[in-house]
Amino acid sequence: MFEQGTKILMADGQARPIQHITPNSMVLCADGTADRVTSISKDEQMTYQILQKTKHRANEGEAGRTDPLRKQIYHRLGFKCTVAHMLPLRTSAKPTLENSFKRNNYKVKWKTMEEQVTPDGRIINLPKTHHKDFPMTPEGEMLARAFMAQKEGQHGLYLEFSIQVRDLDLLEAHIRVNSFLRFGPILTGRGVLSEFLTGQKHLITPYVLDMAWLLGLWLGDGTTKEPEISVDSFDTELMKGLTERCRAWGLYPTYKDEQVPLRAKHTRLYFGEKADGNRRNRNLRKENPFWNVVLNLKFKRDLDGEKQVPSFMWSEDIQIREAFLAGLIDSDGYVVKRNEGPDAYKVSIQTIYPSIMNGIVHVSRSLGIATTVTTRSARTETIEGRKVNCHFTYDCHIAGRSPLQNVLSYCRSGHKRRPAPDKVKRDPIYFGFSEEKCGQQVVYGITTESGKNIVLENKLTVHACGEHCIKEQPKFTTTKSLKHCIACPRKGVRYFYKDWSGNHRICGRCYGRYKFSGYRCLNCKYVPEAREIKKAKLRGEELGVSPDGTTVSGLICGRCKGILKYDEIRGPRKGHSIIVS
Ligand SMILES: [Zn+2]
Ligand SMILES: [Zn+2]
Ligand SMILES: [Zn+2]
């Protein structure tokens, strides 16, 4: 069962809080079909928070401390459910070959699904690792490789399995960290934009796509009060694209050369016969088809006239979403090719508007593209010799393969456009997650006719409820060996390293910094980053008191003003081995 307030995607593409769903309404299934809700039940139960693991460290470093806006993590995937709710997971089953020099043999490891008895006597199916040894000889290696190929043929590359939250502890530690939840692309759409423009839902003509692209471009670089977009005049391809795509709607992009020549031209989208001809024949806001869409479909917020991505855009027809995202990328995006294959790209889009950030996250995830958000505090920067005040910014990172390349093929900017991929593969995106106890909550269960997996508003694939999770269930195991890093708030079961006291209590990230610099705080145990050490060195050494009461001199910790200790056996000067107690 899910916590009250969990939003479920309905068959019509709209999201609804679970408590407002009624029997016989239709929900969207993960495979794109619709399914009838057979019952909704309510209870009060212990809940667990299932949360995506990301590499972003929102609460670490000085950023989170100095800027309260940066303490929040935006759009981390997750949901809250009860202990007996099933999670659909996948783990890699590719056999591996290890060299065991100590025992002078090759070890092949593979995984299969095996029955296991839980502490309360249920029999469940879980992935289990097996291994077989081969002698460390050329023949042994050949046999080992043949054996691997045979196992791979038998069991495939992945194991799909379902497991209740309370049974996660029964998984082997390395299978637990390599078990992934998924979110999937949404292939259906609501057809709101095409209905507004053509009177017919899902009628996707090139003109409708042009409009979707224009909307994205305006949201990125447009002026709130009129149809005006600032366009980089050096980007001739973009200017050409804008003119072409506007023409279809009788729009004429025009800009005046200002006294101070700036690269960015404020380009107005006039509606009328000729933009530069008779002034009486053109309109800026009146009858302007583009401005009609902006106002009527609420791309401007009623409340304060601010730009926004209306929520219907999250669940528009798939080509509309692509063209719209391409517009946003053409205005504010930065495209990088990744080395992980011919179709791997990374795009970052910066925006100061939370609603646009939300829109980017929802639209790109709905296309099957992984998206995360980082933030930057307000600051002053020098751009081309001028001091510029920058707002608090959301940095949306979009990384994907053919689905993203397909979006880029719709871009018009010279350095952002890419050729269309031969084939667009829309596969689910898998991610690791943690689970954490959350306390007693009002929860709702949802059952459907077919029992197929359903989809949450954040595009996450989840199981509908079954018999097993309607009543509160006991959880006998405690999450095992959850370690806390002594230098940061991170916790986990694996990848802890030897710290300065000789215990394995420091996380991989802090360990890396410590090994590199050798600095650690005597007071708060924080391991400073390189730039923090640089800052501390500028400030110089000072006298302070260590926690055991002795007076020490050293650099100052940027976090707690304690003294930083430098352990010389660590750090870049490892050659000089001076033993420090
Ligand atoms: Zn359930
Ligand atoms: Zn740490
Ligand atoms: Zn400190």
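Cys521 is buried in this predicted model, because its relative accessible area is 1%, under the 20% cut-off. Cys521 is also one of the donors of the zinc ion (ligand 3), together with Cys524, Cys557 and Cys560, each through its SG atom. Cys560 has a relative accessible area of 27%, so it counts as partly exposed.

Along the chain, the donor residues of the zinc ion (ligand 3) follow the pattern C-x2-C-x32-C-x2-C. Cys521 sits in strand 31 (residues 519-521), while Cys560 belongs to the loop between strand 33 (551-554) and strand 34 (564-566), so this pair ties together parts that lie 39 residues apart in sequence.

**The zinc sites side by side**

Here are the distances and angles for each site.

| Zinc ion | Donor distances | Angles among donor atoms |
|---|---|---|
| ligand 1 | 2.0 to 2.3 Å | 94 to 122 degrees |
| ligand 2 | 2.2 to 2.3 Å | 106 to 118 degrees |
| ligand 3 | 2.2 to 2.3 Å | 103 to 114 degrees |

For four tetrahedral donors the ideal angle is 109.5 degrees. The site of the zinc ion (ligand 1) is tetrahedral, the arrangement around the zinc ion (ligand 2) is tetrahedral, and so is the site of the zinc ion (ligand 3).

**The zinc ion (ligand 2)**

Let us turn to the next site. The zinc ion (ligand 2) is held by the SG atoms of Cys485, Cys488, Cys507 and Cys510, and these donors are spaced C-x2-C-x18-C-x2-C. Cys485 is in the loop between strand 27 and strand 28 (491-492) and Cys510 is in helix 11 (residues 508-517), so the two link parts that are 25 residues apart in sequence. Cys485 has 7% relative accessibility and therefore counts as buried. Cys510, at 0% relative accessibility, counts as buried too.

**The zinc ion (ligand 1)**

Which protein atoms are the donors of the zinc ion (ligand 1)? They are N of Met1, ND1 of His85, and the SG atoms of Cys465 and Cys469. The spacing of these donor residues is M-x83-H-x379-C-x3-C. Met1 lies in the segment before strand 1 (2-3), and Cys469 in the loop between strand 26 (461-462) and strand 27 (483-484), so the pair joins parts that are 468 residues apart in sequence. Met1 and Cys469 are both buried.

**A pocket**

Beyond the metal sites, there is a pocket to explore. The second largest pocket has a volume of about 1,700 Å³. Its lining has 41 residues, and those nearest its centre are Asp221, Ser230, Ala264, Asp332 and Ile383. By class, the lining of this pocket comprises 16 nonpolar, 13 polar and twelve charged residues.

Several helices and strands each give at least two residues to the lining of the second largest pocket. Among them are helix 5 (206-221) and helix 8 (318-332), as well as strand 13 (228-232), strand 15 (264-272) and strand 20 (379-383).

**A contact at His174**

One more spot is worth a look. His174 is found in helix 3 (residues 173-177), and it counts as partly exposed because its relative accessibility is 27%. Its side chain makes a polar contact of 3.0 Å with the side chain of Thr129. His174 and Thr129 are 45 residues apart in sequence, with a C-alpha to C-alpha distance of 9.5 Å.

Terms used. Residues numbered from 1 in each chain as written. Chains lettered and ligands numbered in written order. Predicted model: local features only at pLDDT ≥ 70, side-chain atom pairs only at ≥ 80, totals over all residues. Heavy atoms only, no water. Donors = N, O, S within 2.8 Å, 3.2 Å for Na, K, Ca; no water. Tetrahedral: all angles 85-135°; square planar, octahedral: opposite > 155°, others 65-115°. Helix = DSSP H or I, 4+ residues; strand = E, 2+ residues; numbered from the N terminus. Buried < 20%, exposed > 50% of the residue type's maximum accessible area, 1.4 Å probe, protein only. Polar contact = N/O pair within 3.5 Å; in protein donor to acceptor, adjacent residues only side chain to side chain. 1 Å grid on protein atoms, 1.4 Å probe; cavity = no way out; pocket = protein on both sides within 12 Å on 5 of 7 lines; lining within 4 Å. Points joined across faces, edges and corners; volume = space filled by probe spheres on them. Nonpolar A, V, L, I, M, F, W, Y, C, P; charged D, E, K, R; others polar.
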